[in-house]
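Q: Could you take me through the salt bridges in this model, one pair at a time? I would like to see where the partners sit and how they relate to the rest of the fold.

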Amino acid sequence: MGTEHRHDLARDPLPLRGRTVLVTGVSRRAGIGYATACRLAAYGASLFCHHYLPHDQEQPWGADDLDAVLDGVRSHLIGDARVADLHSDLSQVGAPEELVSAAVEEFHTVDALVCNQALSGSDGALGELTASELDKHWAVNARASILLAQAFAQHHSPGTPGSIVFLTSGQGLGPMPGEVAYAAAKAALAGITMTIADQLADDGIRVNTVNPGPVDTGYLTEEMWQAVAPMFPLGRFGVPDDPARLISWLITDEAAWITGQVMNTEGGFGRWRSGGR
């Protein structure tokens, strides 16, 4: 009896075995989407990976080798789990719905959704913004995630466990200078989390939002680190697998009692610690 009781509390090493997860924004090996997809694969899941390289090509870091990205995810697969993918501009009308439909067609069902896509750049401080810039950020960083969640819910079988994870950016914890459009769109996701979670609870779908905190996705220089180092009590900057661990855990059954939450994974980041503003 005692041995059986202990086994009941043991962690399943493959908590997502037999499940399928749709992850958006899996296009760079230095990114959070890639780290999340790899960890989900290591937990036993099959992955449907969304990517949109033109966005990365416009950024200072440039685009990655997509074949290498997908092969990297595949290297973590367990058993008969597999990876499929789709290139899509989620700012386009109908694209979020088409992405979810493609994932369902490929795997017959999708058990979880991670909305990791994000538009960077094309932003500014108050006084520098245009309506077009605000609309671009709304379309990618907020509207697409809401429409993805809506399509996911429409394809989901009521009563079966499901999970949605949005990503926000800690815009409510401190200022984001020069990123008004981005902060506004990401704030919308944090603000709508509880409402969507409440609506989808009866269908067995949990909805949570993760703020990954400051994460080095290839942009951090030594000079930048030295300027902010006093704000990090654990002595290092965030890496993509830091938020990936929380995101992946929220999809497992261990998080079955968690919904409607906005969670921060920032390593104790203190915006007002000595040495930082």
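A: Happy to! A salt bridge here is a side-chain nitrogen of Lys or Arg within 4 Å of a carboxyl oxygen of Asp or Glu. By this rule the count comes to 11 salt bridges, and please keep in mind that the model is a predicted one.

Let us start with Arg39 and Asp241. These two form a salt bridge in which the closest N and O atoms are 2.8 Å apart. Arg39 belongs to helix H2 (residues 32–42) and Asp241 to helix H9 (residues 241–251), so this pair ties together parts that lie 202 residues apart in sequence. How accessible is Arg39? Its relative accessibility is 23%, so Arg39 counts as partly exposed. Asp241 also has a value of 23%, which makes it partly exposed.

Next comes Asp242, whose side chain meets that of Arg236 in a salt bridge, at 2.8 Å from N to O. Here Asp242 is buried, with a relative accessible area of 11%, whereas Arg236 is partly exposed at 42%. The cut-off behind these words is simple: buried means under 20% relative accessible area.

A further pair to look at is Glu266 with Arg271, where the closest N and O atoms are 2.7 Å apart. Glu266 counts as buried at 13% relative accessibility, and Arg271 counts as buried at 15%.

Now for how the pairs connect. Salt bridges that share partners join Arg39, Arg236, Asp241, Asp242 and Arg245 into one network. Arg39 and Asp241 from the opening pair are thus listed there together with Asp242 and Arg236.

For the wider fold, turn to the sheet. It is an open sheet of 7 strands with parallel pairing, in the order S3-S2-S1-S4-S5-S6-S7. Strand S3 (83–87) and strand S7 (262–264) stand at the edges; each has a single partner strand, so one side of each is left without a neighbour in the sheet. On average, neighbouring strands of this sheet are turned by 20° against each other, direction ignored.

At the S3 edge, strand S2 (residues 46–51) runs parallel to S3 and is joined to it by 5 bridges. One of the pairings is that of Leu47, whose bridge partner in S3 is Val83. Helix H4 (residues 66–74) packs on the sheet there, touching S2 and S3, and the direction of H4 makes about 150° with that of S3.

Terms used: Residues numbered from 1 in each chain as written. Predicted model: local features only at pLDDT ≥ 70, side-chain atom pairs only at ≥ 80, totals over all residues. Heavy atoms only, no water. Pairing = 2+ DSSP bridges. Helix = DSSP H or I, 4+ residues; strand = E, 2+ residues; numbered from the N terminus. Axes fitted to C-alpha atoms, helices over the stretch in contact; angles between N-to-C directions. Contact = heavy atoms within 4.5 Å. Buried < 20%, exposed > 50% of the residue type's maximum accessible area, 1.4 Å probe, protein only.
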